[in-house]
Amino acid sequence: MESGNIPDLPSRPDERDRPRVGVDEWVSHVEERRVQYTGIAGVARRLVSIVPPPARLALFAVVAATLPLWMNRGDVFTYGIFTLLYVLLGLGLNVVVGFAGLLDLGYVAFFGFGAYFYGELSSEQYGLHWPTPLAVLVVIVASAILGLVLGIPSRRLLGDYLAIVTLFFGQAFVSFTLAANPTVHGTGLTGGPNGIVDIDPLDLFGYALDTRKQQFYFLLLVVLLVVVGLHLLSESRTGRAWRALREDPLAAEVMSIPVNRLKLMAFAFGAAIAGLTGCIFASVLTAVSPGNFGLPILITIYAVVILGGFGSLTGVILGAVMINVSFQFLAPENPQENARVLFYAVLLLLVVLTLRQWWLRGAVVAAVLVFGIAVHAIVGAVAPSWTGGPVVEGGRLGRLVEDWVILPHGHDRFGGIAYVALVVAVLVLTRLHGTLRVVALVPTIYLAAIVWENSFVEQPAVARWILFGALLIGLMTVRPQGLLGTPRVEIV
């Protein structure tokens, strides 16, 4: 064999996965990291990284402070106060889950404990009317101690095991406040199903916060102080140790990081913030009941943190605004057309998050519109009864939907069959890749519109959970760390 014709040896399939001597791995993979910062999420991350944290906080404070100037009393309560309450609860949960990586499903129990404890100290339940600063301070300390009590037996648990134990704690609290009402000094401790009523509003050194505007500004000040404190804590040695614990508890312990103590600190900090939020919640509503602290509020707060991104303070604020505004947008007393607008906005957002190239996003949206018009025309020509159904509540998009989505008349089971078909289509879509996935995305989106218009547009209370479930599933598929969260280091 001639020396100039030596055949090339076939490369092994796993050759690229092996570490290469003399090659900087960080430099060699820089293009892959740049791809991760493309799209809307990438633009948002770049903007957030450019603007320093103090400027972000100042911008939020300025915008939020203007709300009572142009909103009426009811809107300040529903959109302003409740959004800030979600922010506070999300910040506390972010300490436990986002900073320390502990899956705490009993977090709402601390929120309820703070509300009930403040109600007992500041109402006619026992005839106690403690000064607000003293009552709030006692509740915060007691909530932190309760967090330590829960954290002590849970400090050796991880993942699903910790979630099960904390979930039991949360449900036990609700069951206790609802069913058990032991008598203390002749008065029920929790009030049973009726809860505690006539709770004193916040009173700071003789200045009563009894109007929605005053309560909003006080709550905004509390949120700003908590955000500043958590930012400083996150940048401290404790914050860095929490992140190490979140990424790999075993490696953190090997590096002499006090893992157990950090877990207890995370539980205590999160519980203290939840207890503080409970005080404000009870004083604003002037009443508490077991129904305020059930599973729906836990799901909502987790949605806030997941949507914004674990470990991101800015993400928590963004998630709370999106969740609460959208929930109020879909409230039962609002017109059905709001639900329709939000549904198609979520569909469009999922397309944007799923596809990277802008031209491909536009092509998919155009293909869905053309596909729907063609299907509607064909079905209407063959069987007119399948396109003769009425559009619910007409509204801004009613006329467009009427000539695009299949709305049958006299076929009552169609909605259920379409729903099952949509579930199957979504499952199939997750198994496809490349061009096939993009092509299959078009009929799947159209099928989702059919299911919405035939089954869910008349039920906004149910629809809002379905919308956010779909949004979170799509977001977690594309960006498991959320909009502004940092990706966890995992071996897959």
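This is a short chat about the helices and cores of a predicted model.

User: What kind of model is this, and how is it numbered?
Analyst: The model is predicted; local features need pLDDT of at least 70, side-chain atom pairs count only at pLDDT 80 or more, and totals for chains, interfaces and linings use all residues. Residues are numbered from 1 along each chain as its sequence is written, and side-chain values use heavy atoms, with hydrogens and water left out.

User: How many helices and strands are in the protein chain?
Analyst: The chain has 21 helices and eight strands. These are DSSP runs numbered from the N terminus: helices are H or I with at least four residues, strands are E with at least two.

User: How much of the chain is buried?
Analyst: Of its 492 residues, 45% count as buried. Buried means under 20% relative accessible area, with a 1.4 Å probe and protein chains only.

User: Switching to cores. Which residues touch the most other members of the largest nonpolar core?
Analyst: Tyr 118, Trp 242, Ile 280 and Phe 293 do, in a core of 91 residues. Helix α6 (residues 73–99) gives the largest share, 16 residues. A nonpolar core is a set of buried Ala, Val, Leu, Ile, Met, Phe, Trp, Tyr and Cys residues joined through side-chain atoms within 4.5 Å.

User: What does Tyr 118 touch?
Analyst: Leaving out residues up to four places away in sequence, its contacts include Val 136, Ile 199, Pro 201 and Cys 279. Contact means heavy atoms within 4.5 Å.

User: Which residues does the second core include?
Analyst: Phe 343, Val 392, Val 401 and Ile 445 are among its 34 residues. This core is separate.

User: Ile 445 is in α20, right? What is the angle between α17 and α20?
Analyst: Ile 445 belongs to α20 and takes part in the contact with α17. Helix α17 (residues 358–382) and helix α20 (residues 434–456) pack at about 50°, with axes 9 Å apart. Axes are lines fitted to C-alpha atoms over the stretch in contact, and angles run from 0 to 180 degrees between N-to-C directions.

User: Which residue types make the contact of α17 with α20?
Analyst: Twelve nonpolar, two polar and no charged.

User: And how do α14 and α15 cross?
Analyst: The axes of helix α14 (residues 295–308) and helix α15 (residues 313–329) come within 7 Å and cross at roughly 130°. Thr 300 and Leu 307 are among the α14 residues in the contact, and Met 322 and Phe 327 among those of α15.

Conventions
Ala, Val, Leu, Ile, Met, Phe, Trp, Tyr, Cys and Pro count as nonpolar, Asp, Glu, Lys and Arg as charged, and the others, Gly among them, as polar. Buried means under 20% relative accessible area, exposed over 50%, partly exposed in between (1.4 Å probe, protein chains only).
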